[in-house]
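Here's a quick tour for anyone meeting this structure for the first time. Have the 3D view open as you read, and hop between the topics as you like.

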Amino acid sequence: MKQTLKVSDIRNKAVELQGINGHFPVKLNYAIAKNLKVLIAECETAAAQNQKVLDEKASKDKNGEYVFKDNEIEFPDEKTKKEALKELNDISNLEIEVEIMMVPMSVLEMCDTEKYDTPTSKEMAALEFMIGE
């Protein structure tokens, strides 16, 4: 099922799914792995765009490395910094349509048996976006 998510939400969902490591029914494990692959691909695309913005706008030393001050990347001037931060924020707020493999609630209910681990409330919250019919 296609879902429209902000890049920032995609990052958060990818991190949450990476934190799941239980013994669940095969269909649930497969859906987690498949959705994680899709989310990570979008994260990599966004990271490449962020890198492009920084490469174009950030200050660099003679070796082409970013210049840092107080653990922050330096920019040639305040105007350039504002432009870069706006572009980075725009990337984070982009809405992307992603194909999510849905899992019926009946598969999660299988986790209530002794055969599988029961997802924690935190894991259930992470899985919520992919639960449906």
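Four residues, K57, K79, E83 and E87, are joined up in a network of salt bridges. Keep in mind that the model is a predicted one. In total, the structure has six salt bridges. From there, the tour moves to the helix that holds K57, then to its partners.

**Salt bridges**

- One link in the network is between E87 and K57, whose side chains meet at 3.5 Å, N to O. E87 sits in helix α3 (residues 78-93) and K57 in helix α2, so this pair ties together parts that lie 30 residues apart in sequence.
- How accessible are the two partners? K57 is buried, at 16% relative accessible area, while E87 is partly exposed at 29%.
- K81 pairs up with E72, and here the closest N and O atoms are 3.9 Å apart. K81 is partly exposed, with 25% relative accessible area, and E72 also counts as partly exposed, at 45%.
- K86 and D90 make a salt bridge too, with their closest N and O atoms 2.9 Å apart. Both residues belong to helix α3, and they are four residues apart, about one turn of the helix.
- In general, an α-helix has 3.6 residues a turn, so residues three or four places apart point the same way.
- D90 itself is partly exposed, with 36% relative accessibility.

**Helix α2**

- Helix α2 covers residues 26-57. At 1.5 Å a residue, its 32 residues should span 46 Å, and the end C-alpha atoms are indeed 46 Å apart, so the two agree.
- Which residues of α2 are buried? They are L28, A31, I32, N35, L36, L39, C43, A46, N50, V53, L54 and K57.
- These buried residues pack against α1 (7-18), β3 (72-73), α3, β4 (95-99), α4 (105-109) and α5.
- N50 is a handy one to click on: this α2 residue counts as buried, since its relative accessibility is 19% and the cut-off for buried is under 20%.
- Setting aside residues up to four places away in sequence, N50 touches R11, L88 and I91.

**How α2 meets α3**

- The axes of α2 and α3 come within 10 Å and cross at roughly 175°. That makes α2 roughly antiparallel to α3.
- On the α2 side, the contact is made by A46, Q49, N50, V53, L54 and K57. On the α3 side, the contact residues are T80, E83, A84, E87, L88 and I91.
- K57 and E87, the salt-bridge pair from above, both show up in that contact.

**How α1 meets α2**

- Helices α1 and α2 pack at about 135°, and their axes are 9 Å apart. So α1 is oblique to α2.
- The crossing of α1 past α2 is left-handed. From α1, the residues making the contact are V7, I10, R11, K13, A14, L17 and Q18. From α2, they are I32, N35, L36, L39, I40, E42, C43, A46 and N50.
- N50 takes part in this contact as well as in the one with α3.

**Helix α1 up close**

- With 12 residues at 1.5 Å each, α1 should span 16 Å, and its end C-alpha atoms are 17 Å apart, which agrees.
- The buried residues of α1 are V7, S8, I10, A14 and L17. Among the elements covering these buried residues are β1 (2-6), α2, α3, β4 and α5.
- K13 is another residue of helix α1. Leaving out neighbours within four places in sequence, K13 is in contact with L5, L39 and F129.
- How far is K13 from K57? The two are 44 residues apart in sequence and 29 Å apart in space, going C-alpha to C-alpha.

**Helix α5 and K122**

- K122 lies in helix α5, which runs over residues 121-127.
- Is K122 buried or exposed? With a relative accessible area of 71%, K122 is exposed.
- K122 and K37 are 85 residues apart along the chain, and their C-alpha atoms are separated by 20 Å.

Technical notes:
Residues are numbered from 1 along each chain as its sequence is written. This is a predicted model: local features need pLDDT of at least 70, side-chain atom pairs count only at pLDDT 80 or more; totals for chains, interfaces and linings use all residues. Side-chain values use heavy atoms; hydrogens and water are left out. Helices (H or I, at least four residues) and strands (E, at least two) are DSSP runs, numbered from the N terminus. Buried means under 20% relative accessible area, exposed over 50%, partly exposed in between (1.4 Å probe, protein chains only). Contact means heavy atoms within 4.5 Å. The expected span of a helix is 1.5 Å times one less than its number of residues. Axes are lines fitted to C-alpha atoms, for helices over the stretch in contact, and angles run from 0 to 180 degrees between N-to-C directions. Angles under 35 degrees count as roughly parallel, over 145 as roughly antiparallel, 65 to 115 as roughly perpendicular and the rest as oblique. A crossing is left-handed if the near helix is turned anticlockwise from the far one by less than a right angle, and right-handed if clockwise.
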